[in-house]
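Me: I have a structure here that I'd like to go through with you, a bit at a time. Can we begin with the ligand?

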Amino acid sequence: MGDTFTLITGASSGMGEATARLLSESRNLILNGRDEERLAAVGEACARNGARVILFPFDLERADAAGAALTDLLGKHGATADAFLHFAGMTEVLPLARTRYAVGLRVMNVNYFSATEMLSALLKKKVNGGALRNVVLTSSIAATGGKLYQPHYCASKGAVTALGMALACELAPRVRVNVIAPGSFRTRIVQTVFADASPDAPWAPDTRLPPGTVEDVARVVRFLLSEDAAYLTGQIINIDGGERFPHF
Ligand SMILES: NC(=O)c1ccc[n+]([C@@H]2O[C@H](COP(=O)([O-])OP(=O)(O)OC[C@H]3O[C@@H](n4cnc5c(N)ncnc54)[C@H](OP(=O)(O)O)[C@@H]3O)[C@@H](O)[C@H]2O)c1
């Protein structure tokens, strides 16, 4: 598995957790999340698959401190990261006129600025030794398709997509940068939005293919990191089972 690590944010739940579990068969992992109990459980499962695992519990609302915290972690463990997978995300559901600037900042910090700050650290030779080769950022089909009453979330995901395109230009040919744009998946973030999680709830995915699982996302990310995707950079991969197509 080599000596370098894959850094995964949002590894304590949902798509990030599924990706960590899948990649633990072939990669060493640095796992970031907030819920230390869930993060430790994911770490133990990954270690059982043979991965070396470093836990990185850190609240990404403190985006301004995320680069320094990651720098300290890498230094403490003598580790480098060859891949950065950003899954961490949060939302707030309110019409724009009822949102508050402070909450918008929290959404932007977790979804967007934490990625820029950690990437900035990973691109510094004295921090990461030039090890970075792959970046996958998690946007959403909401970045272009919109989502009712989630203005800051949609905007943050638009920013993530644009960041991915900018960095694909900036970092080629050494680093490949791709963006995934998932449709709707039944994970914690959705349950925090809608109390009613029944199949008929308003968020039930209107997909053309049968509803997807977080493992479907994990397999796409594994492909993007692989040699099979060696000529892909600056791509936006919609993982939505055709959800964005209208039914007429
Ligand atoms: N589910 C969907 O329908 C859907 C659709 C499109 C895009 N996405 C995007 O996919 C990504 C993964 O979401 P998911 O569906 O897997 O949801 P999830 O199960 O709720 O996972 C979200 C992850 O983000 C982490 N996170 C949230 N706030 C954080 C903070 N302040 N600091 C550090 N970590 C934080 C959570 O950590 P803790 O649990 O430890 O707090 C958790 O690991 C998100 O970026 C989301 O926006 C999801």
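Reply: Yes, bearing in mind that this is a predicted model. The ligand is surrounded by 27 residues, and the closest are Gly14, Arg34, Gly89, Thr187 and Arg188.

Me: Which elements give two or more residues to that shell?

Reply: Those are helix 1 (14-23) and helix 8 (188-193).

Me: And how does the shell split by class?

Reply: The shell around the ligand has 11 polar residues and 10 nonpolar ones, together with six charged residues.

Me: Switching topic, how many residues are in the largest nonpolar core, and which have the most contacts inside it?

Reply: The largest nonpolar core has 61 residues, and Leu29, Leu31 and Phe84 are those with the most contacts inside it. Helix 4 (residues 101-122) supplies the largest share of this core, namely nine residues.

Me: What is leucine 29 in contact with, leaving aside neighbours within four places in sequence?

Reply: With those set aside, leucine 29 is in contact with Phe5, Thr6, Ile8, Ala20, Leu23, Ser24, Cys46, Ala51 and Val53.

Me: OK, now helix 9. Which of its residues are buried?

Reply: The buried residues of helix 9 are Val214, Val217, Ala218, Val221, Leu224 and Leu225. Because they cover an arc of only 120° around the axis, they lie on the same side of helix 9.

Me: What do they pack against?

Reply: The buried residues of helix 9 pack against helix 1 and against four strands: strand 4 (81-86), strand 5 (134-138), strand 6 (176-182) and strand 7 (236-239).

Me: What span should helix 9 have, at 1.5 Å a residue?

Reply: The 12 residues of helix 9 (residues 214-225) should span 16 Å, and its end C-alpha atoms are 17 Å apart, which agrees.

Methods
Residues are numbered from 1 along each chain as its sequence is written. This is a predicted model: local features need pLDDT of at least 70, side-chain atom pairs count only at pLDDT 80 or more; totals for chains, interfaces and linings use all residues. A residue is near a molecule or strand if its C-beta atom, placed from the backbone, lies within 6 Å of it. Ala, Val, Leu, Ile, Met, Phe, Trp, Tyr, Cys and Pro count as nonpolar, Asp, Glu, Lys and Arg as charged, and the others, Gly among them, as polar. A nonpolar core is a set of buried Ala, Val, Leu, Ile, Met, Phe, Trp, Tyr and Cys residues joined through C-beta atoms within 7 Å. A residue is buried if 20 or more other C-beta atoms lie within 10 Å of its own, exposed if 12 or fewer, and partly exposed in between; C-beta atoms are placed from the backbone. Two residues are in contact if their C-beta atoms, placed from the backbone, lie within 7 Å. The expected span of a helix is 1.5 Å times one less than its number of residues. The arc is that of the directions from the helix axis to the C-beta atoms.
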